[in-house]
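User: Hi! I've just opened this one and could use a friendly tour. Can I throw some quick questions at you?

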Amino acid sequence: MGSAFNRFCMQFCCCCCVADDEEEEDEKQPLVPADPLDYFTREVQKRRDEETNLWSEPGDPSHSERQDDRVLYSLLQARQKTRMGSTGYRRLSVDIEAMRDTRREVREKWKTILENLGFMAEADSLLAVSAGGSHDRMRNAPRARALLHTLHSETSIFNSNKEPPPERYLFILDRLLYLDIAEDFVAKAKRFYPPKDDSDEETPGLSVNLPLLLARIGAMNGGGEDEEEQSEKDDENLSD
């Protein structure tokens, strides 16, 4: 319908025909992006990235707000710039998997408790946190924050008490509060994973030396071609 007809309807007719026209215009608006395949591919990749890296601060797209996220992201970026198969590439892969393993281990502890509480089928869904998680959507953020502090200080469910607990678990605790199982979860965490002595806290193979990794990344970024040449020399020596 033309604009003149719209004005006519608004002045002399009931609003139904104008509303119908507006509905028709709304229906013409695309509900998905111009290239839906590209959009869904990117969304799947984002979810895969989240499940693989388990970012401590899932709502930070730059992965720079927390030191551990910053280190892991820097390692991933450095590996992308390194020749695949080189010694440097393999070293970076080892460091990346060490950080991922540490994060997966924490997630497995949470999953063990949830399954013990009877949430065998729902555990993975309860532990999934997307990059779109927002504190504004939380139902009881202060209480969730208090429980996260309790878990961090009174249990060993996180591998180290020296670093702040991953923010992703704040969202999970908020879900558990909504389901009225948060208190039971904390009680079981205290029983399953009691706090460790200072001598036991740094368990070989489980801890990640973040300052050392940061220094190594800085050296690689500063060295650039020298690091790559050294990797090639190492490869040649190994082949000999």
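User: Leaving aside its neighbours within four places in sequence, which residues is arginine 139 in contact with?

Analyst: Happy to help! Keep in mind that this is a predicted model. Beyond its sequence neighbours within four places, arginine 139 is in contact with Asp174 and Tyr178.

User: Where does arginine 139 sit?

Analyst: You'll find arginine 139 in the loop between helix 6 and helix 7.

User: And is arginine 139 buried or exposed?

Analyst: Arginine 139 counts as exposed, because its relative accessibility is 57%.

User: What does its charged end do with tyrosine 178?

Analyst: The charged end of arginine 139 sits over the ring of tyrosine 178, 4.0 Å from the ring centre. There is also a lysine in such an arrangement: the charged end of lysine 109 sits over the ring of tyrosine 193, 5.4 Å from its centre.

User: Now the other partner. Where does aspartate 174 lie, and is it buried or exposed?

Analyst: Aspartate 174 lies in helix 8. It is buried, with a relative accessible area of 5%.

User: What is aspartate 174 in contact with, leaving aside neighbours within four places in sequence?

Analyst: Setting those neighbours aside, aspartate 174 is in contact with Met138, Arg139, Asn140, Ala141 and Ala144. As for backbone spacing, the C-alpha atoms of aspartate 174 and arginine 137 are separated by 9.9 Å, with the two residues 37 apart along the chain. Similarly, 9.6 Å separates the C-alpha atoms of arginine 139 and phenylalanine 171, which are 32 residues apart along the chain.

User: Let's stay with helix 8. How many of its residues are buried?

Analyst: In helix 8, 8 of the 11 residues are buried, so this helix is largely enclosed by the rest of the structure. The buried ones are Arg168, Tyr169, Leu170, Phe171, Ile172, Leu173, Asp174 and Leu176.

User: What follows helix 8?

Analyst: Aspartate 180 follows helix 8, and its phi is positive, near 60 degrees.

User: Zooming out: how many helices and strands does the protein chain have?

Analyst: The protein chain has 12 helices and 0 strands. Of its 240 residues, 37% count as buried. Looking at contacts between residues at least 6 apart in sequence, 69% join residues at least 24 apart.

User: How much surface does the protein chain expose?

Analyst: About 14,800 Å² is exposed, and carbon and sulfur atoms supply 52% of that.

User: What about the inside? Which residues have the most contacts in the largest nonpolar core?

Analyst: They are Trp110, Leu114, Leu151, Ile157 and Leu176, in a core of 28 residues. The elements giving two or more residues to this core are helix 5 (87-116), helix 6 (123-127), helix 7 (141-154), helix 8 (168-178) and helix 9 (182-192). Helix 8 provides the largest share, 6 residues.

User: Leucine 176 came up twice. What is it in contact with, apart from neighbours within four places in sequence?

Analyst: Leucine 176 is in contact with Leu114, Leu126, Ile181, Ala182 and Phe185. There is also a second, separate core of 9 residues, which includes Val71, Leu72, Ala78 and Leu92.

User: Which residues of helix 4 are buried?

Analyst: In helix 4 the buried residues are Asp68, Asp69, Val71, Leu72, Leu75, Leu76, Ala78 and Arg79. Helix 4 covers residues 67-80, 14 in number, and reaches 20 Å from its first C-alpha to its last, close to the 20 Å expected at 1.5 Å a residue.

User: New topic! How many aromatic pairs are there?

Analyst: The structure holds 6 aromatic pairs. In one of them, the ring centres of tryptophan 110 and phenylalanine 158 are 6.1 Å apart and the planes are at 50 degrees, so the pair is tilted. This pair links distant parts of the chain, 48 residues apart: tryptophan 110 is in helix 5, while phenylalanine 158 is in the loop between helix 7 and helix 8. Both tryptophan 110 and phenylalanine 158 are buried.

User: Why is the pair of phenylalanine 158 and tyrosine 169 called edge-to-face?

Analyst: Because their planes are at 65 degrees, with the ring centres 5.6 Å apart; the cut-off for edge-to-face is over 60 degrees. Tyrosine 169 is in helix 8, 11 residues from phenylalanine 158, and tyrosine 169 is buried too.

User: Last one: which residues form one aromatic cluster?

Analyst: That cluster is made up of Trp110, Phe158, Tyr169 and Phe185.

How values were computed. Residues numbered from 1 in each chain as written. Predicted model: local features only at pLDDT ≥ 70, side-chain atom pairs only at ≥ 80, totals over all residues. Heavy atoms only, no water. Helix = DSSP H or I, 4+ residues; strand = E, 2+ residues; numbered from the N terminus. Buried < 20%, exposed > 50% of the residue type's maximum accessible area, 1.4 Å probe, protein only. Contact = heavy atoms within 4.5 Å. Areas by Shrake-Rupley, 256 points an atom, 1.4 Å probe, with all protein chains shown as cover. Core = buried A, V, L, I, M, F, W, Y, C linked by side-chain atoms within 4.5 Å. Expected span 1.5 Å × (residues − 1). Phe/Tyr/Trp six-rings, centres within 6.5 Å; stacked < 30°, edge-to-face > 60°. Lys NZ or Arg CZ within 6 Å of the ring centre and 35° of its normal.
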